[in-house]
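Q: Please look closely at one part of this structure, namely how its chains are divided into domains and where the parts touch. I would like one connected explanation that a beginner can follow alongside the picture.

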Amino acid sequence: MQNLTLILLLAAMAGGAFYLGRRRSYAVVGGPAHGAQLHSLPGYYGYFTLIWCLLPALGLFLLWVLLEPKVIVALIIKSLPEAQRAMSAGELNLLVNNIQNLAAGDAISGEVDALMRDAAERYNEYVSASRRMLATLTLGIAGLGGAIALRRIRPEFRARNRVEQVVLYLLIAASSIAILTTLGIVLSVLFEAIRFFREVPLTEFLFGLTWSPQTAIRADQVGSSGSFGAVPLFAGTLLITAIAMIVAVPVGLMTAIYLAEYSSSRVRATAKPLLEILAGIPTVVYGFFAALTVAPWVRTAGESVGLEVASESALAAGLVMGIMIIPLVSSLSDDAIHAVPTAMRDGALGLGSTRSETMIRVILPAALPGIVGGILLAVSRAIGETMIVVMAAGLSANLTANPFEAVTTVTVQIVTLLVGDQEFDSAKTLAAFALGLVLFVVTLCLNVIGLTFVRKYREQYE
Amino acid sequence: MTVSRKNSREIVEAGLARRRRKESIFRATGMIATAVGVTFLAVFFATLIAQGSSAFRQTFIKLDVEMSESVLAPDGELDLAYADFDGLVRSALRDAFPEVSGRSERRELYRLVSIAAGFQLRDMVSDDPSLVGSEVTVWVPASSNVDMLVKGNIDPSIDESLRPISDAQVGWVESLQEAGRLEKRMNKALFTNGDSREPELAGIKGALMGSFYMLVVTVALAFPIGVAAAIYLEEFAPRSRWSDLIEVNINNLAAVPSIVFGLLGLAVFINWMALPRSAPLVGGLVLSLLTLPVIIIASRAAIQSVPPSIREAALGLGASKMQVVFHHVLPLALPGMLTGTIIGMSRALGESAPLLMIGMVAFIVDVPGGFTDPATALPVQVYLWADSPERAFAERTSAAIIVLLGFLLIMNLAAVIIRKRMERKW
């Protein structure tokens, strides 16, 4: 809340700076009547002052808020007696947590001694001192910046160019966030994955046939196999993806063909938005549907013909995932079909071929690269899909190609490993990041290839 | 010559029937494929509404409660926190069924009514302390098992051991029904309560508020950044390796699985920046990274659709490049950008996988009151309830899904309306 007040104060100061800067620009030329003597419009002098007032102060504020907790904890640890500082990192962490909770007035584990009470008091002192310093510094810098900017306002001062330069830098910064995000993904996943591969060799992870990530806390613990062979996960992911594609590709492609070639415009006008609704349904809803409606249905259907079907069969998850992907396949195929020049279609029809022959012999071969690209994107989507499989697929890592059995996938394992308690020093938690790395690399390759196909193909007929 | 022409004609005619058959098969396949998608949609909504619509109503039981002073304030002083309102409910139930005796039978009787009944009486007394000592008639929520029985989700004809409600309880419910003391009313708790272990107390308000705070953060970050990035890439970026890289990057980010963004959020925002777990702030940050590519791509398309003549006219009148963009291009492209943003937001609202990574799956009873309070989101609430074994939660899950889809529908309609109203043909 205090931060909010500070931000509001800063905003008010920025507004004031704008007003003062604008007024000052009139003042230096002697009133609005002489506005033409200014290099830039008066508003730009206002913006110039505002930027000087706001940007440095805001930068300091963000930096401070980010670093404050770390600095205060470091100070507290430094102020602790020698005996506590010599403790292991985990114990020290617990102590600091307790001090923080005590300072905030929350319940803590263990008993409170004088040492901790002192530390908590010190903690509160540091926090309030830091708050005071932050407020004075930011507001001071804001005022100072505004004052410097005001002093620089002259009739010949090129305020517009300065302001536009700053705006350009802000635009560049905004567009590089996309790069930063990718970099952040790669670094965060890679960093933890490397820590994982230090404990579990890469070859064992990629080629091992048993997945059982329960690592032991004690050496003699029961059921602590802790083997990290990810092949069953890859196989399970591929199985579910294959089922999904068997549903989605023919249905999506035929839908696109039918809507593009055969249907009346009225059917098209209703069917297309309906299919787009399918694309807009949240995946968790598909997951709910798969787990509570489709899975029991698959089970009863399988049992009625004498098949042994697991209640979390790969088939149910794959079917529903396939339905989810239909709109993606059909819209990308639709794009590809529509990009084929009409001359080719008309030529084939003019030579006497039927519409289906035109489609199969002429249009589809011409549109094939685009369609393949679209299918690759759909595969990548299926591999990365999480909620449907978390809710409808199993948890146990079976190495099987039987769609009636329960299999688990990469995304399911990431979720199970990371939901709940996380210890960032155990291979169990880190394994999730290694799986994430595999997932990211595989989907990235599929996306790059798919997008290149789609784009190259589009250019071909343009 | 004539022979060969006749010959080729015959060949064509011989094949015609087969070709026509193939044609109609192909056509029928296309029709079936289209029907598959549409049928699924119909089945899906039908099941959802069939399962979920009953959750908007909840069974209530009418009780005549004697607000006896001797139970509420045995020492002569009324302390709301400790007063035995449950005892009042129990004695009211005993009065309604005087023939029930024996400890275990009575305990079964008490289970007809939700534990919310005591809270309801407490709230009534805290609103109006003069009620103490009088007799009031109140409608209190029935327990979830009774609710399921009344709604027909529990079949009373199956063996007693197979259902969560005993024969005696079924009999009492029937006699309450006959006496007109049992009624289905609007389930207000669904919209005013946070999560709960008791289905009849569980509501989606906490999840709704969590989603709301998250979307606020997402809009506040993703819209300005996305628009700024789109402006730079369309209007200012020189054709260089760097801008190509950014472009490829954005297209790829749009296709990265959402769970990977969750890993990013966990590693960067929670572990590295030490932001609080389960907070809408972190959820909003992750979702804004997730929706940023969507918004950038839509905004770029919107900027591209502004005809160059407008830029040239403004430049010709002496505007600077920046003025051209901010005074002319941006206002004209804004409707398209807004449409893209709303679509991005509706994607963010339905997203749950990355939120699982950053701890927004906790069981949280309190309705969050700010950006750093622990919270959950509507789709995550769906996930949590879907996991609950009670039959009553399945019904509420469907209801929560209906609410979620309702919000998505509103957002998408808004996007369509903005596009239709502001669309300009140049």
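**Domains and contacts**

A: The C-alpha centres of domain 1 of chain A and domain 2 of chain A lie 49 Å apart. Before going further, please keep in mind that this is a predicted model. In chain A, domain 1 covers residues 2-157, while domain 2 covers residues 227-460.

Chain B is assigned three domains, with domain 1 running over 2-53, domain 2 over 56-191 and domain 3 over 205-422. Between the C-alpha centres of domain 2 of chain B and domain 3 of chain B there is a distance of 45 Å. The contact between these two domains draws on seven residues from domain 2 of chain B and six residues from domain 3 of chain B. On the side of domain 2 of chain B that touches domain 3 of chain B, the elements giving two or more residues are helix H6 (144-150) and helix H8 (189-192) of chain B. Of these, H6(B) gives the most to that side of domain 2 of chain B, with three residues. If the residues on this side of domain 2 of chain B are sorted by kind, four are nonpolar, two are polar and one is charged.

Chain B also touches the other chain, and here 67 residues of chain B are in contact with 69 residues of chain A. Helix H1 of chain B, which spans residues 2-52, gives the most to the side of chain B that touches chain A, with 17 residues. That side of chain B divides into 47 nonpolar, 16 polar and four charged residues.

Stepping back to chain B as a whole, one counts 17 helices and three strands. The radius of gyration of chain B is 31 Å, which is well over the 22 Å that the globule rule gives for 426 residues, so chain B is more spread out than a compact globule. Along the principal axes, the C-alpha atoms of chain B fill a box of roughly 105 × 75 × 40 Å. Of the 426 residues in chain B, 42% count as buried. Among the contacts in chain B with a separation of 6 or more, 77% come from residues 24 or more positions apart.

A single residue of chain B is worth a pause here, namely B:Ser278, which sits in the loop between helix H11 (258-272) and helix H12 (280-304) of chain B. Although B:Ser278 is not a glycine, it has a positive phi of about 60°. B:Ser278 counts as buried because 21 C-beta neighbours lie inside 10 Å, and a residue needs 20 or more to be called buried.

In chain A, a loop between helix H14 (387-392) and helix H15 (410-418) holds A:Glu405. A:Glu405 has 19 C-beta neighbours inside 10 Å, and therefore counts as partly exposed. Apart from neighbours within four places in sequence, A:Glu405 is in contact with A:Ala310, A:Ser313, A:Ala314, A:Asn398 and A:Thr400. A:Glu405 and A:Val309 are 96 residues apart in sequence, yet their C-alpha atoms are 6.2 Å apart in space.

The helix that follows this loop, H15(A), is mostly covered, with eight of its nine residues buried. Among the buried residues of H15(A) are A:Val410, A:Ile414 and A:Leu418.

Note on methods: Residues numbered from 1 in each chain as written. Chains lettered and ligands numbered in written order. Predicted model: local features only at pLDDT ≥ 70, side-chain atom pairs only at ≥ 80, totals over all residues. Domains from an automatic or database assignment. Helix = DSSP H or I, 4+ residues; strand = E, 2+ residues; numbered from the N terminus. Nonpolar A, V, L, I, M, F, W, Y, C, P; charged D, E, K, R; others polar. Rg over C-alpha atoms; globule rule 2.2 N^0.38 Å. Buried ≥ 20, exposed ≤ 12 C-beta atoms within 10 Å, placed from the backbone.
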